[in-house]
Amino acid sequence: MNLHPMEPVKPENRVDLLLKQMSMTGFQGRKLGESVAVWSQMIEEPGVSILAGLSGAMIPAGMQECLIALLENRFIDVLVSTGANIFHDICEHVGIRHYLGHHMADDQELFKQGIDRIYDVFAYEDQFRGVDAKIAEFAQGLGDFSGSSADFIRQLGIWLTKQYPLGKSVTATAARLNIPIFIPALCDSSIGIALVMARRDGYQIMIDQLADADQLTGYVEQAHKTGVIYIGGGVPKNFIQQTQVIASIHDHVCGGHDYAIQYTTDTPHYGGLSGCTFEEAVSWGKESCTCRKVQCFCDATIAIPFVTSALLGAGIHRSVHP
């Protein structure tokens, strides 16, 4: 066994060089650095389709600009998200803000004042309900609709750009770049609440979640190789993972994802999907036996700004994307 001596991390002005140093140290700092190297390889290798899963309250926590940069630089080809993240993203686009709060606030007093709390982030409930009404109005303008969540969100992104040209969002950016956003549990969000409002007003809005599974699997089946990035876990993680199983059932032997990264605070020993290891996923055929994989057990609100800055700072370019 050839052992390589570890070098202490030295202070560094450039985030990409700092994380490169960290990749040669230990513990989760090392994993964070290694994740940049794996993501960089996904970007630079021709023919790799990159699918990202987004869970947790990343938009309320201030990650929107980082996610937009990842899309604009084509470091992500397909996004699978919780409905909540996209709802909060739409709020920011139309000018509804999230505010610095405190996790030790008096929640009964917040309720009296109409303030919702997301750990240490505050927002106004009546403003959220106003955005619910805007989404319901948009849905009503479609008339009767039946399609995948990606079809619906793409049209919503186009509408946002036209109605609020000065706004900025992941949703509008993805629509402009023709990057699909799937929301496999769309009903479990304020977007779902808005669509219930439209339905109760007599409009037949049908989000076809089976079409979501079929369309997403199609991207995997058509790809030469696939890389997956999970910001948190939850439904987005398994929705992307199961594409390999669906593909194999339909005689597309994709062999499992070729690259895999996850940033999570969940741990494997409780048996939940959000914390399960990529090694476990190999047993299901979801990751390939040769998959280059890194799981960083770290708060994603720490990981994503550092990793995004490192990728951009290193000058990584995607000259060709699927």
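Let's start at Ile115, and with what it touches: leaving aside residues up to four places away in sequence, Ile115 is in contact with Leu110, Phe122, Ala123 and Tyr124. Please keep in mind that this is a predicted model. Is Ile115 buried or exposed? Its relative accessibility is 14%, so Ile115 counts as buried, the cut-off for that being under 20%. Ile115 belongs to strand 4, which covers residues 115–118. If you look along the chain to Gln127, twelve residues away from Ile115, the two C-alpha atoms are separated by 9.8 Å.

Now let's look at the sheet around it. Strand 4 is part of an open sheet of three strands, ordered 3-5-4, with antiparallel pairing. Strand 3 (99–100) and strand 4 are at the edges with a single partner strand each, so each has one side without a neighbour in the sheet. How many bridges join strand 4 to strand 5? There are four, and the two strands run antiparallel, with strand 5 spanning residues 121–124. As one example, Asp116 has Ala123 of strand 5 as its bridge partner. As a general reminder, strands of a sheet pair through backbone hydrogen bonds, either parallel or antiparallel.

What lies across this pair of strands? Helix 6, residues 125–141, lies across strand 4 and strand 5, and runs at about 60° to strand 5.

Helix 6 brings us to the aromatic rings. The count of aromatic pairs comes to eight. One of them is Phe87 with Phe128, an edge-to-face pair with 5.6 Å from centre to centre and 75° between the planes. This pair links distant parts of the chain, since Phe87 sits in helix 4 and Phe128 in helix 6, 41 residues apart. Phe87 counts as buried because its relative accessibility is 2%. Phe128 is buried too, at 8% relative accessible area.

There is another pair I'd like you to see, Phe182 with Tyr219: the ring centres are 6.3 Å apart and the planes stand at 80°, so this one is edge-to-face. Phe182 is in strand 7 (residues 181–182) and Tyr219 is in helix 10 (residues 209–222), so the pair ties together parts 37 residues apart in sequence. How do the two partners fare for exposure? Phe182 is buried, at 0% relative accessibility, whereas Tyr219 is partly exposed, with a relative accessible area of 36%.

Two more ring features, quickly. Phe138, Phe145, Phe152, Trp159 and Tyr164 form one aromatic cluster. And over at Trp284, the charged end of Lys286 sits over the ring, 4.6 Å from its centre.

Let's go back to helix 4, the home of Phe87. How many of the residues of helix 4 are buried? Ten of the eleven are, so to speak, under cover, and the helix, residues 83–93, is mostly covered. The buried ones include charged or polar names such as Asn85, His88, Asp89, Glu92 and His93, along with Ile86, Phe87 and Ile90. Just after helix 4 comes Gly95, with a positive phi of about 95°.Next, strand 1, residues 48–54. Seven of its seven residues are buried, so strand 1 is largely enclosed by the rest of the structure. Which residues cover each face of strand 1? Val48, Ile50, Ala52 and Leu54 are on one side, with Ser49, Leu51 and Gly53 on the other, and all are buried. In a regular strand, side chains alternate between the two faces of the sheet.

Strand 1 has parallel partners. With strand 9, residues 225–231, strand 1 pairs over seven bridges in the parallel sense. With strand 2, residues 78–81, strand 1 is again parallel, over four bridges. Ala52 is a handy place to look: its bridge partner in strand 9 is Ile229, and in strand 2 it is Leu79.

To finish, the whole chain. The chain has 14 helices and eleven strands. Its radius of gyration is 20 Å, close to the 20 Å that the globule rule gives for 322 residues, so the chain is as compact as a globular protein of that length. Buried residues make up 49% of the 322. Among contacts with a separation of 6 or more, 75% are between residues 24 or more positions apart.

Key:
Residues numbered from 1 in each chain as written. Predicted model: local features only at pLDDT ≥ 70, side-chain atom pairs only at ≥ 80, totals over all residues. Heavy atoms only, no water. Buried < 20%, exposed > 50% of the residue type's maximum accessible area, 1.4 Å probe, protein only. Contact = heavy atoms within 4.5 Å. Pairing = 2+ DSSP bridges. Axes fitted to C-alpha atoms, helices over the stretch in contact; angles between N-to-C directions. Phe/Tyr/Trp six-rings, centres within 6.5 Å; stacked < 30°, edge-to-face > 60°. Lys NZ or Arg CZ within 6 Å of the ring centre and 35° of its normal. Rg over C-alpha atoms; globule rule 2.2 N^0.38 Å.
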